[in-house]
Amino acid sequence: ATRVEAALEIRADLLVLTVRDNGAGFDAARLLSAPASLTSGIGLRSLREQAAGLGGKVDIRSGPEGTTLELSAPLL
């Protein structure tokens, strides 16, 4: 990626962090459904688990034009 954008905002009763890049992308569904390992990555799984622990969620969309990660959690 040559460009990364990040935004933190409040939407209704949610705190939402959005990170976008213009990289080559990856198969997010395959990565998240594969068994966890150091070679396949644990970072996205960890983000998803941490968000779920707060009552939130992580949404990942990725393709040839880049990746968007949106993490949302309820305001406490």
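Which residue in strand 2 does Val-4 stand opposite? Keep that in mind as you look through these close-ups of a predicted model.

**View 1. Strand 1 and strand 2 run side by side in opposite directions.** Here's the reply to the opening puzzle: Val-4 faces Asp-21 of strand 2. The two strands are antiparallel, and 8 bridges hook strand 1 up to strand 2 (residues 14-21).

**View 2. Four strands line up as an open sheet.** Read across the sheet and you get the order 1-2-4-3, with antiparallel pairing. Strand 1 (4-11) and strand 3 sit at the edges with a single partner strand each, so one side of each has no neighbour in the sheet. Going from one strand to the next, the twist averages 10°.

**View 3. Helix 2 packs on the sheet.** This helix, residues 43-53, touches strand 3 and strand 4. Its direction makes an angle of about 150° with that of strand 3.

**View 4. Seven residues build the largest nonpolar core.** Meet the members: Ala-28, Leu-32, Ala-51, Val-58, Ile-60, Leu-69 and Leu-71. Helix 1 (28-33), strand 3 (57-63) and strand 4 each chip in two or more of them. Zoom in on Ile-60 and you'll find contacts that include Ala-28, Leu-32 and Leu-69, along with Phe-26 and Leu-44.

**View 5. Glu-70 makes a polar contact with Arg-11.** Glu-70 belongs to strand 4, which covers residues 66-74. The contact runs from side chain to side chain, at 3.4 Å. Beyond residues up to four places away in sequence, Glu-70 also touches others, among them Val-16, Leu-17, Thr-18 and Lys-57.

Definitions and conventions
Residues numbered from 1 in each chain as written. Predicted model: local features only at pLDDT ≥ 70, side-chain atom pairs only at ≥ 80, totals over all residues. Heavy atoms only, no water. Polar contact = N/O pair within 3.5 Å; in protein donor to acceptor, adjacent residues only side chain to side chain. Contact = heavy atoms within 4.5 Å. Core = buried A, V, L, I, M, F, W, Y, C linked by side-chain atoms within 4.5 Å. Buried < 20%, exposed > 50% of the residue type's maximum accessible area, 1.4 Å probe, protein only. Pairing = 2+ DSSP bridges. Axes fitted to C-alpha atoms, helices over the stretch in contact; angles between N-to-C directions.
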